[in-house]
Amino acid sequence: MLNWKSVLVIAALGFGSQQAIANPDLIVETNKGPVQGMTRDNVVEYRGIPYAKPPVGDLRWKPPVEHTEWKNVRDATSFGKTCGQVTLLGVFAGPANTNEDCLYLNVTAPKMAGNEKLPVLFWIHGGGFVDGASSDYDASKLANQGNIIVVSVNYRLSLLGFFAHPALNKEGHLFANYGLLDQQFALRWTKENISKFGGNPDNITVAGQSAGGASVAYNLISPLTKGMFQRAIIQSSASYLSATPMSVAEKKAINFAEAAGCGRGVDAATATCLRNLPADKLMKLSGPVDKFGPYVVTPVADGKILPSSGATAFASGEFHKMPIMYGSTQDEGSFFAAIPVYYSGKAITQEDVTNYVNSAFGGNAGYAGTPPSYPKDTPEKVLTHYPSSEYKSEQLRMIAIQSDVMVCRIQHGAHLLAGKVPLYAYEFRDQTAPSMFPDLPDFRPMAYHTADLQYQFPGFHGGDKGVQHPLNAQQQKLSDQIVAGWTNFARYGNPNGKGPKIWPDYSSDPNAQSYLSQDIPELSTFSNNDFTAMHKCDFWKDVLVYK
């Protein structure tokens, strides 16, 4: 149990200008050893707690293993290292690094905790499974205002986290999805230790955004997480609907091994060569800063950690049943459209839109260019359905296409879940949300992918190159409402809590399905039919493929 006593040492730590105070009395005895936290404003934080042994040397590309015990009090006032990453998604993540010793988590609790064991929100950061860090997310508002415990975790990324070389796969251990195994190991640590921090191990909500949201969905599907959490929040993610086929993952891994100088063998010598690769060489082959590299894969349908794609599992009902909160931002595509503009310094042109559509819909429709194929006239149909004449700029046209593709996929996920579990759907619609990107040529960010994160995590602005802006009074009010919804859900499995029913449940009846609109000046609701019309989902349902 936490012990709040006199403050002795002042340290200039923490998010932004908030003062952090290291306190030797804030010592918690975890199952591996004691850790000392600190106070910051109205919360207590424990940063950089190792939840597994560093996955280096012979432990590279192996499931996480128990950390060794320690006897002396471990300083938990600084974040652990960020996991190795190169592809930074514009300003979302970074800085680039080659860290393999990165399996750390953070615990944030309200300062004035009582005797009640508090709900726990287990946060998985996004970043396309190639970048991001738990240290970018200030959980103080969720913990303090919502009176919950927040655990945020790092997990292996890119080639270090998702790699399916046959030489490794036949070693007799779980394979391919090392990043997911990290998340599950951290979740197990949370279940075993969180009561000592004031949390309830039988009331854990797993939440995440983008790749973090996909991770939540994959953990709903994985048989390895049965009984480990009780609620789920999936923010701005549909990639989980299509897991990477093992054949694709193995082919990319073999090509990587050859490029790295380890040949095309699948024997123990090849595995040794791969594990002996210098981290900097491995990260250089992971990809350039502005796009995914040719050898990178996202979570793989390996058959054990992840039995199938999300579309298959949700359609069949083969997942852990629990209350789910699920949603998107109105202009998801604005974030993705901004990345090439950020790197090039050039506004989006009609040629850019045409090239994007031809690239996205001119080949095979399955994961990573696998069958089935789009009909040959698909790019033309898309461009005709989104004519330049309907948009004030090619930027807005590009954003509309990319947003609608993503949110209609998300809607499809909602339809698969409807009627199977208590489901609460939303769309974040504040088009005045501050942008983490610097000013870009002829670019309006709107309610972009990741825009809502700063409403949950004060000051969120991505990585070290991101721009931080304060929320105005109306946005702060929306932030309060969002935090209340998230923490009510963590406590009760219902975002309305015990108050008025502002947030409708998402019915199994298509004619009764409703979303919560998160917007200023007021929250409101709108129908599934309105969502479909706004994002042209009747068009996309005949185009998009879920494999």
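This text goes through two helices and the disulfides of a predicted model.

Helix α5 covers residues 211-221 and is mostly covered, with 11 of its 11 residues buried. The run of buried residues begins with Ala211, Gly212, Gly213 and Ala214. Ser215, Val216, Ala217 and Tyr218 are buried as well, and so are Asn219, Leu220 and Ile221. Several elements pack against these residues. Among the strands in contact with the buried residues of α5 are β6 (118-124), β10 (199-209), β11 (231-235) and β12 (324-329). Helices α4 (178-193) and α9 (310-316) also pack against the buried residues of α5.

Helix α11 has a buried side and an exposed face. This helix has 12 residues, 350-361, and at 1.5 Å a residue it should span 16 Å. The C-alpha atoms at the two ends of α11 are 16 Å apart, which agrees with that expectation. Val353, Val357 and Phe361 are buried in α11. Because these residues cover an arc of only 30° around the axis, they lie on the same side of α11. The general geometry of the α-helix is relevant here: with 3.6 residues a turn, residues three or four places apart point the same way. Turned away from the buried side of α11 is a face that carries Glu351 and Ser359, both exposed. The cover over the buried residues of α11 includes helices α12 (378-385), α13 (394-417) and α17 (537-540).

Two of these covering helices, α13 and α17, return in the disulfides. A disulfide is a covalent bond between the sulfur atoms of two cysteines. With sulfur atoms within 2.5 Å taken as the criterion, the count comes to three disulfides. Counted along the chain, the bonded cysteines follow the pattern 1-2, 3-4, 5-6.

Cysteine 83 and cysteine 102 form one disulfide, with their sulfur atoms 2.1 Å apart. The link of cysteine 83 and cysteine 102 has 90° about the S-S bond and is right-handed. Both cysteine 83 and cysteine 102 lie in the loop between β4 (74-75) and β5 (104-110), 19 residues apart. Cysteine 83 has a relative accessible area of 3% and is therefore buried. Cysteine 102, at 2% relative accessibility, also counts as buried.

Another disulfide joins cysteine 262 to cysteine 273, again with an S to S distance of 2.1 Å. The torsion about the S-S bond of cysteine 262 and cysteine 273 is about -80°, so this disulfide is left-handed. Cysteine 262 is in the loop between α6 (246-259) and α7 (268-275), while cysteine 273 is in helix α7, so the pair ties together parts that are 11 residues apart in sequence. Cysteine 262 is buried, with a relative accessible area of 10%, whereas cysteine 273 is partly exposed, with a relative accessible area of 24%. The cut-off between buried and partly exposed is 20% relative accessible area.

Cysteine 408 and cysteine 537 form a disulfide with their sulfur atoms 2.1 Å apart. The link of cysteine 408 and cysteine 537 is left-handed, with -90° about the S-S bond. Because cysteine 408 lies in helix α13 and cysteine 537 in helix α17, the pair ties together parts that are 129 residues apart in sequence. Cysteine 408 counts as buried at 4% relative accessibility, and cysteine 537 is buried with a relative accessible area of 4%. Helices α13 and α17 are thus joined by this disulfide, and both are among the elements that cover the buried residues of α11.

How values were computed: Residues are numbered from 1 along each chain as its sequence is written. This is a predicted model: local features need pLDDT of at least 70, side-chain atom pairs count only at pLDDT 80 or more; totals for chains, interfaces and linings use all residues. Side-chain values use heavy atoms; hydrogens and water are left out. Helices (H or I, at least four residues) and strands (E, at least two) are DSSP runs, numbered from the N terminus. The expected span of a helix is 1.5 Å times one less than its number of residues. Buried means under 20% relative accessible area, exposed over 50%, partly exposed in between (1.4 Å probe, protein chains only). The arc is that of the directions from the helix axis to the C-beta atoms. Contact means heavy atoms within 4.5 Å.
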